[in-house]
Amino acid sequence: MQISARADYGLRALAELAARQDRSHTVTELAAAQGMPARFLQNILLQLRRRGLLQSQRGVDGGYRLARPAAEITVAEVLRALEGPLAGVRGALPEHVEYAGTAEPIADVWLAV
């Protein structure tokens, strides 16, 4: 599996927010803490907000914070939010693959992956 810079930065930003849940944090703060380019991180955070993983607030005390407790956010959920489906079977989503006969249980394997 190849992890993109987008996914890596997104996970690192969420880890930073999980460690500092005292208040909202700006893109600049998060980027500086993890040594990432702020402009690239801004787009990633917007995408995570649209997918319901982050909340944002404008103003003097504005910035980003986790939308729910860190323990409830999975790595797979973050990767799907930033990269799309994690697995495909011959170009189809695993939930759309069907097999007949003795191969039928293989569809469940693809879903688990």
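Let's start with two helices that meet: the axes of H2 (residues 27-34) and H3 (residues 38-50) come within 9 Å of each other and cross at roughly 120°. Keep in mind that this is a predicted model. The way H2 passes H3 is a right-handed crossing.

Who does the touching? On the H2 side, the contact is made by Val27, Leu30 and Ala31, while H3 brings in Ala38, Leu41, Gln42 and Leu45. Sort the residues of this contact by character and you get six nonpolar, one polar and no charged.

Helix H3 also turns up in the next feature. The structure holds one aromatic pair. The ring centres of tyrosine 9 and phenylalanine 40 lie 5.5 Å apart with their planes at 75°, so this pair counts as edge-to-face. Tyrosine 9 sits in helix H1 (residues 5-19) and phenylalanine 40 in helix H3, so to speak two distant parts of the chain, 31 residues apart, linked by the pair.

Now for some empty space. The largest pocket holds about 160 Å³. Its lining is made up of 11 residues, and those nearest the centre are Arg80, Leu86, Ala87, Pro94 and Glu95. Helix H5 (residues 106-112) gives the largest share of that lining, with three residues.

Here is how the two groups of residues divide:

| Group | Nonpolar | Polar | Charged |
|---|---|---|---|
| Contact of H2 with H3 | six residues | one residue | no residues |
| Lining of the largest pocket | nine residues | no residues | two residues |

Notes: Residues numbered from 1 in each chain as written. Predicted model: local features only at pLDDT ≥ 70, side-chain atom pairs only at ≥ 80, totals over all residues. Heavy atoms only, no water. Axes fitted to C-alpha atoms, helices over the stretch in contact; angles between N-to-C directions. Helix = DSSP H or I, 4+ residues; strand = E, 2+ residues; numbered from the N terminus. Left-handed = near helix turned anticlockwise from the far one by under 90°. Contact = heavy atoms within 4.5 Å. Nonpolar A, V, L, I, M, F, W, Y, C, P; charged D, E, K, R; others polar. 1 Å grid on protein atoms, 1.4 Å probe; cavity = no way out; pocket = protein on both sides within 12 Å on 5 of 7 lines; lining within 4 Å. Points joined across faces, edges and corners; volume = space filled by probe spheres on them. Phe/Tyr/Trp six-rings, centres within 6.5 Å; stacked < 30°, edge-to-face > 60°.
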